[in-house]
Amino acid sequence: MVLLGKVALGIAGTALAGVGLICSEGMIEVNVVEKQPEAHHVYVLAPAMLVPIGMHFVPSRKLGQAASELKPWMPTIRAALEQLRDGEDITLVDVREPDQHVVVTKDGGSVVVDVTDKDETVHVSTPIRAIESTLEQVAAASPDTHE
Amino acid sequence: MQKAMRAIGVCCVLALTMSNLAVTAMAAPTTERYLHVKVDDATKGESVNVNLPLSMAAAILPTVNKGTLHNGHVTIGEADFNGVDVRAILDAIRTAPDNEFVTVKEKDQDVRVAKSNGNLIIHVLDKSKDGEKVDVTIPMKVVDALFSTVKDNELDVAAAIRALSDAGDAVLVTVQDATEHVRIWIDSHSASE
C-alpha cells in the first residue's frame with residue numbers, strides 16, 4: 001500500500017513537473033467572438049512551448065524560403081524582442097477606423113493583439129519568449145545554416 | 001559640551017540624509033523616452049498611433065544592414081547634397097546666434113528656416129488647394145549627432161536617436177493639410193497624450 005502511494009506520488013510529481021515545464025514559456029491565448037446572430041465563440045489556451053516544439057517536426061524544406069528571408073533579420077528581431085521583453089508595458093500601435101479598431105500592446109511578457117470590427121472581436125496573446133523561440137527555429141531551418 | 005555633542009549629532013544626521021539622497025539619485029533608473037507618431041484623418045474618421053521606446057530604436061538600428069542603412073548609418077549619394085557642403089553650413093548655423101536664416105515667399109509656398117533656443121526650425125506653408133503646413137523642430141544636438149560621422153556622405157541616425165533620448169520633451173514634426181494631421185513627438189509617457 002505504501003509502495004503504491006510512493007508510485008502514485010512519483011507519477012503525480014512527474015506529471016506536475018512536466019506541466020510546469022511545458023507552461024514555463026507562458027500560454028498562448030486566442031479568443032474569437034463573432035457578432036453574428038448565431039455567434040461562434042472560439043477560445044484556445046495552449047502552452048506557448050508547444051509551438052517551438054512543433055516547429056521541430058516541420059520539414060526544413062517546407063520552411064526553406066521563409067527561413068532564408070528571415071535569417072538576415074534575426075539580429076534585428078532579437079534586439080527588438082529583447083528590448084520589448086525588458087521594457088515597460090506599452091501600446092505599440094493603435095489604429096482606429098470607422099468599422100475596425102486594432103491595438104497591439106506589450107503586456108507583461110506577452111505581445112497582445114486585439115482586433116474589434118463589426119463582425120467579430122479577436123484577441124491573441126503570445127509570450128515574447130515563444131515568439132523568439134519559434135522564429136529562431138524557423139531561421140535555423142535556412143539552407144545556409146546547414147551548409 | 002552638551003551643545004557640541006548636539007551639533008555633532010545634527011551634522012551626522014544631515015550627512016546621513018544627504019548621502020541617502022545622493023545614493024537614491026544615483027540609483028534612480030533613467031527615464032525611458034518614447035517616440036510617438038499620430039496620424040488623424042478627420043474626413044475618413046481614421047487615426048493611427050504608434051509609440052516606440054527610443055531605447056528600442058537605438059538597439060534595433062545598428063542591427064539593420066539593408067539598402068543604404070548600415071550599422072545605424074545612412075549612406076547618402078553625392079547627388080543628394082547637390083555639391084552643398086552641409087557640414088560647413090551646420091557649423092555656421094551652430095555658431096550663429098538665434099536668427100532667421102532663410103525666408104522664401106512665393107506665390108504658392110512660404111519657406112522659413114531659423115534657429116531658436118537651440119533648435120533648428122523649418123516651416124513650410126503650401127498655399128495651394130490643400131493648404132499643407134509643415135513644421136519641423138530639431139534640437140541642434142540631434143542635427144550635430146546626425147552629421148557626427150567621419151564620412152562626408154553618411155548620416156549617423158543611431159547617434160541622432162541617442163541625442164533625442166537626451167533631449168527634452170519636444171514636438172518634432174507637425175503636418176496639417178485639409179484632411180490629415182500628422183504629429184511626431186518625444187516625451188517620457190508610454191501612451192499618446
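What span should the 13 residues of helix α5 (residues 128-140) of chain A have at 1.5 Å a residue, and how far apart are its end C-alpha atoms? The legends below, for a predicted model, take up this helix after an overall view.

**Figure 1. Overall view of chain A, with six helices and six strands.** From the N terminus on, the elements follow the order α-β-β-α-α-α-β-β-β-β-α-α. The C-alpha trace extends over about 70 × 50 × 35 Å along its principal axes. The radius of gyration of chain A is 20 Å, against near 15 Å for a compact globule of 147 residues. Buried residues make up 14% of the 147 in chain A. Among contacts with a separation of 6 or more, 55% join residues 24 or more positions apart.

**Figure 2. Close-up of helix α5(A), residues 128-140.** The expected span is 18 Å, and the end C-alpha atoms lie 18 Å apart, so the two values agree. Buried in this helix are A:Ile128, A:Ala130, A:Ile131, A:Glu132, A:Leu135, A:Val138 and A:Ala139. These buried residues pack against the helices α2 (50-55), α3 (60-70) and α4 (74-86), and also against β1 (27-34), β5 (110-117) and β6 (120-127), of chain A.

**Figure 3. Close-up of the packing of α4(A) with α5(A).** The two axes come within 10 Å and cross at roughly 170 degrees; the helices are therefore roughly antiparallel to each other. On the α4(A) side, the contact is made by A:Met74, A:Ile77, A:Leu81, A:Leu84 and A:Arg85. On the α5(A) side, A:Ile128, A:Ile131, A:Glu132, A:Leu135 and A:Ala139 take part. Eight residues of this contact are nonpolar, none is polar and two are charged.

Definitions and conventions:
Residues numbered from 1 in each chain as written. Chains lettered and ligands numbered in written order. Predicted model: local features only at pLDDT ≥ 70, side-chain atom pairs only at ≥ 80, totals over all residues. Helix = DSSP H or I, 4+ residues; strand = E, 2+ residues; numbered from the N terminus. Rg over C-alpha atoms; globule rule 2.2 N^0.38 Å. Buried ≥ 20, exposed ≤ 12 C-beta atoms within 10 Å, placed from the backbone. Contact = placed C-beta atoms within 7 Å. Expected span 1.5 Å × (residues − 1). Axes fitted to C-alpha atoms, helices over the stretch in contact; angles between N-to-C directions. Parallel < 35°, antiparallel > 145°, perpendicular 65-115°, else oblique. Nonpolar A, V, L, I, M, F, W, Y, C, P; charged D, E, K, R; others polar.
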